[in-house]
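Open your viewer and keep the selection panel handy. We will take this one stop at a time.

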Amino acid sequence: AGGITAVMAELAKQNLIDVTARTVDGIIADRLKPVRNQPDREIIRPIDCPHRPSGGLAVLSGNLAPDGAVVKESAVEPDMLEFTGPARVFDGEDDAVAAIGEGRITDGDVVVIRYEGPRGGPGMREMLNPTAMIAGLNLRVALITDGRFSGATRGACIGHVSPEAMAGGPIALVQEGDKIRIDIRQKSIELLVDDRELAGRRQNWQKPPDRVERGYLARYAKMVSSADRGAVLQTPKS
């Protein structure tokens, strides 16, 4: 249907890209000149008649994710765009997978998988197994993690929660049964626990031992930035 160049041509109609930007073979405007509208406009829709009025991803924020979290909004069923339920808390993917497989997760739950962020993993494991099991069992639940998802994820799966649990982010303070409210339309994610209670939990929180104590991964865990900053290595402070 025309590929990336055809998509760029549609974006250029509303000045959403800089067509004066230079590439190895000239400026983008020159590359777009030969583009013609394709006969099947359902594959690459015209920009004035898009498949969706907004992008497929949404960034949520709130007291559970002060620095943000990410959800693939386009893959969430309409009845799950607003969701409130009790937290089912797991300090790692493996424990969550076991609970789902044993039938301990039921409709209405909010599965929280933490200590899987850049530092906690270390390295943000992809939450493929729990998301696949939830979809396969047709469970009506939300999943929240400081880990990450692949592009194939569907459902109310919210990842990249920042700050992560290993850095003492609010996701580390969630307790079993706490109510969590998600409103994807309003881009919010809230832990329904009052500030005084959370302050008390923070005083009692202790950072768990590092999963890797030696070698490159241990070094990585000490130097990596938060997911909201790209999970890139930071220069050590002198």
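What follows is a short walk through a predicted model, from the whole chain down to single residues.

**Whole chain.** Start with everything shown as a cartoon. The protein chain has 6 helices and 10 strands, and its C-alpha trace spans about 65 × 50 × 35 Å along the principal axes. Colour by burial next: of the 238 residues, 41% are buried. If you draw a contact map, look at the pairs at least 6 apart in sequence; 63% of those contacts join residues at least 24 apart.

**The largest nonpolar core.** Now select Ile144, Ile180 and Ile182. Within the largest nonpolar core, which has 33 residues, these three touch the most other members. Then highlight the strands β3 (58–62), β4 (65–71), β5 (82–90), β6 (110–113), β7 (142–145), β9 (179–183) and β10 (188–191), since each of them supplies at least two residues of this core. Nonpolar side chains tend to be buried together in soluble globular proteins.

Stay on Ile144 and show its surroundings. Beyond its neighbours within four places in sequence, what is Ile144 in contact with? Its partners include Val110, Val111, Val112 and Ile113, together with Ile180, Ile182 and Ile189. Leu64, Ile158, Val161 and Ile171 are in contact with Ile144 too.

**A second core.** Select Phe90, Ala96, Phe149 and Cys157 next. They are among the 14 residues of a second core, separate from the other.

**Two cysteines.** Keep Cys157 and add Cys49. Which of the two is buried, and which is partly exposed? Cys157 is buried, with a relative accessible area of 8%, while Cys49 is partly exposed at 37%. You need not hunt for disulfides: a search of the whole structure finds 0.

**A helix pair.** Move on to α3 (residues 93–101) and α4 (residues 128–136). Their axes come within 9 Å and cross at roughly 20 degrees. Because that angle is under 35 degrees, α3 is roughly parallel to α4. The crossing is left-handed. Show side chains to see who meets whom: Glu93, Val97, Ile100 and Gly101 come from α3, and they meet Leu128, Asn129, Pro130, Met133 and Ile134 of α4.

**Last stop, Glu10.** Finish in helix α1 (residues 3–12), where Glu10 sits. Is Glu10 buried or exposed? Glu10 counts as buried because its relative accessibility is 6%, and the cut-off is under 20%. Leaving aside neighbours within four places in sequence, Glu10 is in contact with Asn37, Arg41, Ile44, Arg45, Pro46 and Ile47.

How values were computed. Residues numbered from 1 in each chain as written. Predicted model: local features only at pLDDT ≥ 70, side-chain atom pairs only at ≥ 80, totals over all residues. Heavy atoms only, no water. Disulfide = S-S within 2.5 Å. Buried < 20%, exposed > 50% of the residue type's maximum accessible area, 1.4 Å probe, protein only. Core = buried A, V, L, I, M, F, W, Y, C linked by side-chain atoms within 4.5 Å. Helix = DSSP H or I, 4+ residues; strand = E, 2+ residues; numbered from the N terminus. Contact = heavy atoms within 4.5 Å. Axes fitted to C-alpha atoms, helices over the stretch in contact; angles between N-to-C directions. Parallel < 35°, antiparallel > 145°, perpendicular 65-115°, else oblique. Left-handed = near helix turned anticlockwise from the far one by under 90°.
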